[in-house]
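Trainee: Before we begin, could you show me the model, so that I can learn how a helix and a pocket are read?

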Amino acid sequence: MRVALDLTPTLSGVTGVARYAARLAEALPAHDVTVGGFAVGRGPGEPPEGARHIGIPLRIVQPMWRLTGRPRAETLAGGADVVHSVDLALPPTRRPLVATIHALAALQRPDLHPPSAAEQLERRLAGLDTVAAVVAGAAATADALVDRGVDASRISVIPQAPTLRP
């Protein structure tokens, strides 16, 4: 199986979601999955080796995705059987799409987040009706998604662990 993995969060530097994306790209090949990684945008971080990097700012690409549905994730990744989005905007695709939702904190505690974070999360959640499967990083996140109308049968809880440093 070939997965188009959106590694865009790795461009932001060392964040939890960036580590999650990079570690997922490292781990999938051990499970007979070929990863076609892609990262869109700019930032201080670097995508994992072998990932295709499109240096166009997200503020341009994300509206283009919403308006035109292009470029598709499978095109950016050089082909895919499935697309996995781990953060930010859901990329357009004609393949089955998996979306990881780490938390709903920007909506649950808007006083602790910039309005843009809540707006972006709302757009992501609104698109969940088009995804084949949802990965929740915790049972509490899955429960919050169900409360927002996501069918529980489409959600898999896969707990996230900290990155251990030597």
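Trainee: Which residues of α5 are buried?

Mentor: This is a predicted model, in which local features need pLDDT of at least 70 and side-chain atom pairs count only at pLDDT 80 or more, while totals for chains, interfaces and linings use all residues. Residues are numbered from 1 along each chain as its sequence is written, and side-chain values use heavy atoms, with hydrogens and water left out. An α-helix has 3.6 residues a turn, so residues three or four places apart point the same way. In α5 (115–126), a helix being a DSSP run of H or I with at least four residues, numbered from the N terminus, the buried residues (under 20% relative accessible area, 1.4 Å probe, protein chains only) are Ala-118, Leu-121, Arg-124 and Leu-125. They cover an arc of only 125° around the axis, taken from the directions to the C-beta atoms, which puts them on the same side of α5. On the other side, Pro-115 and Ala-126 are exposed, that is, over 50%.

Trainee: What covers the buried residues of α5?

Mentor: The cover, judged by contact (heavy atoms within 4.5 Å), includes β4 (82–85), β5, α4 and α6 (139–147).

Trainee: Which helix supplies the largest share of the lining of the largest pocket?

Mentor: Rolling a probe the size of a water molecule over the atoms shows where empty space is left. A pocket is an open set of points on a 1 Å grid where a 1.4 Å probe fits, with protein on both sides within 12 Å along at least five of seven lines, and lining residues have an atom within 4 Å of a point. Here α5 gives the largest share, 7 residues.

Notes:
Helices (H or I, at least four residues) and strands (E, at least two) are DSSP runs, numbered from the N terminus.
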